[in-house]
Amino acid sequence: MTGFEDPIKLLNISLESLTPYRLMHKEQDCYDVIVIGAGHAGCEAALCTARSGLNTCIFTTNLDTIAQLSCNPAIGGLAKGHIVREIDALGGEMAKITDRSGIQFRMLNLSRGPAVWSLRAQVDRVLYRLNMAQCLERQKNLTIRQDIVEEIVVEGGKVKGVVTSLGTFSASKAIIVTTGTFLKGLIHIGLANFQAGRAGEFPSIGLSDSLRKLGLKLGRLKTGTPPRLDAKTIDFSKTTPQHGDDPPPPFSYSTEEITNPQIPCYITYTNKKTHNIIMEGLDRSPLYGGRIKGIGPRYCPSIEDKVVRFSDKERHQISLEPEGLETIEYYANGISTSLPYDVQIRLVRSIEGLEDANIMRPAYAIEYDFVYPTQLRHSLEIKGIDGLFLAGQINGTSGYEEASAQGLMAGINVVLKLRDKDPLVIRRDEAYIGVLIDDLVTKGTAEPYRMFTSRAEYRLLLRHDNADFRLMEKGHKIGLVSDAAYEKVKEKKRMMNEEIKRLKGVRVKPSDKINEALSTIGTSPIREEASLENLLRRPEIKYGFIRRFSPSPYGLTSEVEGIVEINVKYNGYIERQVKMADRLKKLESKKIPLDFDYRSIQGLSKEVVEKLLEIQPETIGQAGRMPGITPAAISIILVAVERYWRQIKSPC
């Protein structure tokens, strides 16, 4: 395909399907893949397909807002940090861009177990956007176009291309829709509202209608953002500085050092006066006045929602986060609101340290359309529409990290589809990305979905430190991870295993020197020979203690030492979760045919049959995770499915 063929002739598209749009040119562009939207999901999807050699075009409403951090200037956080690491291990870009743009890195939850340690980075919003845009602009096989896609053309259940607001048609074998909050986006500030994809940008109206015409079921969600404040008008002496880690730990396995200057955030709190101002303004709140119909995020509510729901709380924390190194703008994390502008000014100035603060950008809420994700397969392809994939907030998620993960997975599965290969489906025991996608397509969501460590039943296996061990082999097989990077992780894993083997074999005898050292760190002395492994299992002993008395001959890095320590200390728990995961694999290996007739199975209730027909589970394991599907129903389905496969193998 050269890109100059007539797509109408090439793909056998009927002219009737393109009306009432007028083709402006006789020769239209023809691509392998079209990505709609250049947010976090779109960037990962487009980079993935282009790097895989597919002729890709990404459409955006504004070239100047590629990879815009629409809300908070931060990447990662609880569970989200795990996802960023997983994206990196699969060959995605988010972690690398974060490391090049980060201005504060901090590992969260270090007082708890390693399963919930999560890295979070404050980033320079402008640097992040410029770095990602530059990455796209320099990518071979990738065309970037500023235009609004109005319609997806489908014929015979298969995508053919897109029509834009300029009246042009572009043909494609596959389409990935990553529209974020732009589908019929409606911004609310007090009782005033206006259409926008986000503040200052056009919404996407026609595309939402196009998806409905294709038979997709859409819903309405809501999210919001807090005001941005002028640093010159903030009294930071009344706040508490919050510094990052030193040295800053990077997200990407390929990053050797963070080179940007590191700057602090600042903590302050709302108070009784703030809460009274909010309560007095509720009669002008679109959220409580009924103007907002979309469902908002339960785990990240607006400040008015927090004050109403948690009326017993005297204060709520606010984190003042710098938007970048070269700007005076600060993000007031914790006071997201859709209250009127005059109320916003009063509530901000009631907070300690913000008495004279000026609002540079007002807070607002935004409603937008999303597609109910149970209409997707695990590959993120729409059921019944060949070649149409969705990724990001259009699937009901919230957060840059969840969007990027979906974009990468949609891109990978488009590549595999066009190569006539099976899709890549990551299991729940393999990655948070697997949990995310499985939750969406199996359980669905009626509110913005946000990832938490509590959603992962195998979270001790899915730690922040071992994402490369879990996923880099997959990224290498796909072609997104280089040979050098893959060899490096294999060597790291070999060194870890060798060191654990050494710790099992090396024994230390009781001595005054070692017992005195043990007493110093608050643990009991040894009375008989003990292996280094048994010593390291003690909660008080860190790997540094082992290094002091028996240094490793393998020249371990601090990263490998940490992984060794975790594997030794939590070995029993890890083995238990591995056994649980093995049981899951057996159920996931039992495939359910796509055309399976659940109505023919005796013993299933009408309600269960309706749910099965709606979701169309791909495996027995997935069916077992569906809401309302009982163990008894699974047993019946399992027998029927096994009978089906036996008949296929032995039709006589």
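This note comments on helix α7, a surface patch and one buried serine in a predicted model.

1. Two faces of α7. Helix α7 spans residues 272-280, and its buried residues are Thr274, His275, Ile277 and Ile278. These residues lie on the same side of α7, because they cover an arc of only 160° around the axis. Lys272, Lys273 and Glu280, on the other side of α7, are exposed. As general background, an α-helix has 3.6 residues a turn, so residues three or four places apart point the same way.

2. Packing of α7. The partners of the buried residues of α7 are two helices: α8, residues 303-309, and α9, residues 341-349.

3. The N-terminal end of α7. Here asparagine 271 acts as the cap, with a side-chain oxygen 3.0 Å from the backbone nitrogen of lysine 273.

4. A nonpolar patch. Met279, Tyr288 and Val308 make a nonpolar surface patch of about 240 Å². Tyrosine 288 belongs to the loop between α7 and α8. Its relative accessibility is 36%, and tyrosine 288 therefore counts as partly exposed, since that class lies between the limits of 20% for buried and 50% for exposed.

5. Serine 204. This residue is found in the loop between β11 (192-195) and α6 (206-213). Is serine 204 buried or exposed? Serine 204 has a relative accessible area of 5%, so it is buried, as the cut-off for that class is under 20%. Leaving aside residues up to four places away in sequence, serine 204 touches Val149, Phe182, Leu183 and Lys184.

Note on methods: Residues are numbered from 1 along each chain as its sequence is written. This is a predicted model: local features need pLDDT of at least 70, side-chain atom pairs count only at pLDDT 80 or more; totals for chains, interfaces and linings use all residues. Side-chain values use heavy atoms; hydrogens and water are left out. Buried means under 20% relative accessible area, exposed over 50%, partly exposed in between (1.4 Å probe, protein chains only). Helices (H or I, at least four residues) and strands (E, at least two) are DSSP runs, numbered from the N terminus. The arc is that of the directions from the helix axis to the C-beta atoms. Contact means heavy atoms within 4.5 Å. A polar contact is a pair of N or O atoms within 3.5 Å; within protein, one must be able to donate a hydrogen and the other to accept it, and residues adjacent in sequence count only if both atoms are side-chain atoms. Patches are made of residues with over 30% relative accessible area and no salt bridge: like charges are joined within 9 Å, nonpolar side chains (Val, Leu, Ile, Met, Phe, Trp, Tyr) within 5 Å. Accessible areas come from the Shrake-Rupley method with a 1.4 Å probe; for residues, only the protein chains shown count as cover. A salt bridge is a side-chain nitrogen of Lys or Arg within 4 Å of a carboxyl oxygen of Asp or Glu.
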